Amino acid sequence: MVIEAADQEDYERLWPDLIPAFHGLCLVRHDGEWLMGHLDKDGSVLCWASYGPELAKAIHSL
């Protein structure tokens with residue numbers, strides 16, 4: 001599990017507690033915050049956006 005950090009060349013590893021997936025896209029809950037990402041073929045997730053603590057807001061962003 002990784003998140004792309006805009007100000008870094010490397011990735012930061014996350015330890016999420018919940019990952020609902022929707023046809024290749026997924027939401028990742030890490031430290032109470034929902035992140036959007038996509039599932040890679042190897043099972044890893046690359047996240048590119050944060051939608052805060054509200055699940056409804058994150059779902060509407062799909």
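A disulfide is taken here as a pair of cysteine sulfur atoms within 2.5 Å, a cut-off that bears on the first of the close-up views of this predicted model.

**View 1. Cys26 and Cys47 without a disulfide.** The sulfur of Cys47 lies 5.9 Å from the closest cysteine sulfur, that of Cys26, and because this is too far for a bond, Cys26 takes part in no disulfide. A search extended over the whole structure likewise returns 0 disulfides. Cys26 is buried, with a relative accessible area of 0%, and Cys47, at 0% relative accessibility, also counts as buried.

**View 2. The hairpin of strands S3 and S4.** Strand S3, spanning residues 21-22, runs antiparallel to strand S4, spanning residues 25-30, and 2 bridges join them. Ala21 has Cys26 of S4 as its bridge partner, the cysteine whose relative accessible area of 0% is described in the preceding view. With 2 residues between the strands, S3 and S4 form a hairpin, in the turn of which His23 has a positive phi of about 50 degrees.

**View 3. The hairpin of strands S4 and S5.** Strand S4 also pairs with strand S5, which covers residues 33-39, in the antiparallel sense and over 6 bridges. Within this pairing, Leu27 finds its bridge partner in Met36 of S5. The hairpin of S4 and S5 has 2 residues between the strands, and here Asp31 takes a positive phi near 55 degrees. For reading side chains along such strands, it helps to recall that in a regular strand they alternate between the two faces of the sheet.

How values were computed
Residues are numbered from 1 along each chain as its sequence is written. This is a predicted model: local features need pLDDT of at least 70, side-chain atom pairs count only at pLDDT 80 or more; totals for chains, interfaces and linings use all residues. Side-chain values use heavy atoms; hydrogens and water are left out. Two strands pair if DSSP finds at least two bridges between them. Helices (H or I, at least four residues) and strands (E, at least two) are DSSP runs, numbered from the N terminus. Buried means under 20% relative accessible area, exposed over 50%, partly exposed in between (1.4 Å probe, protein chains only).
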